[in-house]
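Okay, thanks for having me, everyone. Let me put the model up, and then we'll walk through it together.

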Amino acid sequence: QVQLVESGGGLVQPGGSLRLSCAVSGSIFRINVMGWYRQAPGKQRELVASIGGGGDASYADSVKGRFTISRDYAKNTSYLQMNSLKPEDAAVYYCHADVTTWTTVRNDYWGQGTQVTVSS
C-alpha cells in the first residue's frame, strides 16, 4: 500500500508564493515519476509539472518560469514552488507518483488534493 499526503495549499494574493509538498510512504521500492496536477471548477485535470527519477523536470507552458518542481529522494517527497501566482492558478492541486512497490507492481497513486486560492 502506498499513501501520498499533500500539504501547503491556502489563500494567497496575486503575485504571491506558495510551496506544496507531497510525501509518499508505504511499500516503496522505487518512485519513478512524481508530478503535480490541478483541476479548476468546470475544467479538466491538467498536468502542471513532473519530475523523473533522474531529476528531469517538465512544465506546462502556463507555469514555466514561475513554478519549480523538485524532489527529495531520501524523504520520498516532491515539492512545487509556486511564485508570481495568478488568479488563473487557483485550483485543487493533486500530487501524483508512479511507484514500483516491493512486490514489483507499478501503479499510479494520487494525493487527496489541496486547495490553492489566488485572490486579493
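Here's something to look for while you turn it around: leaving aside its neighbours within four places in sequence, which residues is Thr-100 in contact with? One thing to keep in mind is that this is a predicted model.

So, Thr-100. You'll find it in strand E9. Its contacts, beyond those sequence neighbours, are Ser-27, Ile-28, Phe-29, Arg-30, Asn-32, Val-105 and Arg-106. With Asn-32 there's also a polar contact, side chain to side chain, at 3.2 Å. And is Thr-100 buried or exposed? Its relative accessibility is 7%, and buried means under 20%, so Thr-100 counts as buried.

Let's zoom out. The protein chain has zero helices and 11 strands, so if you read the elements from the N terminus on, you just say "β" again and again. The radius of gyration is 14 Å, close to the 14 Å that the globule rule gives for 120 residues, so the chain is as compact as a globular protein of that length. Along the principal axes, the C-alpha atoms fill a box of roughly 50 × 25 × 25 Å. Of the 120 residues, 43% are buried.

Now the inside. In soluble globular proteins, nonpolar side chains tend to be buried together. Here, the largest nonpolar core has 30 residues, and the ones with the most contacts inside it are Val-24, Leu-80, Met-82 and Tyr-93. Several strands each supply at least two residues of this core, among them E1 (2–7), E3 (18–26) and E8 (77–82). Which strand gives the largest share? That's E9, with five residues.

Take Leu-80 as an example. Not counting neighbours within four places in sequence, Leu-80 is in contact with residues including Leu-18, Trp-36, Val-48, Phe-67 and Tyr-93. Across the chain, if you take contacts between residues at least 6 apart in sequence, 54% of them join residues at least 24 apart.

Last stop: two loops. Most residues other than glycine have a negative phi. Now look at Asn-76, in the loop between E7 and E8: its phi is near 50°, a positive value. Asn-76 has 25% relative accessibility, so it counts as partly exposed. Ser-84, in the loop between E8 and E9, also has a positive phi, near 50°. Ser-84 is partly exposed, at 41% relative accessible area.

And the outside? The protein chain exposes about 6200 Å², with carbon and sulfur atoms supplying 49% of that. Okay, that's my tour!

Notes. Residues are numbered from 1 along each chain as its sequence is written. This is a predicted model: local features need pLDDT of at least 70, side-chain atom pairs count only at pLDDT 80 or more; totals for chains, interfaces and linings use all residues. Side-chain values use heavy atoms; hydrogens and water are left out. A nonpolar core is a set of buried Ala, Val, Leu, Ile, Met, Phe, Trp, Tyr and Cys residues joined through side-chain atoms within 4.5 Å. Buried means under 20% relative accessible area, exposed over 50%, partly exposed in between (1.4 Å probe, protein chains only). Helices (H or I, at least four residues) and strands (E, at least two) are DSSP runs, numbered from the N terminus. Contact means heavy atoms within 4.5 Å. A polar contact is a pair of N or O atoms within 3.5 Å; within protein, one must be able to donate a hydrogen and the other to accept it, and residues adjacent in sequence count only if both atoms are side-chain atoms. The radius of gyration is taken over C-alpha atoms; the globule rule is 2.2 Å times the number of residues to the power 0.38. Accessible areas come from the Shrake-Rupley method with a 1.4 Å probe; for residues, only the protein chains shown count as cover.
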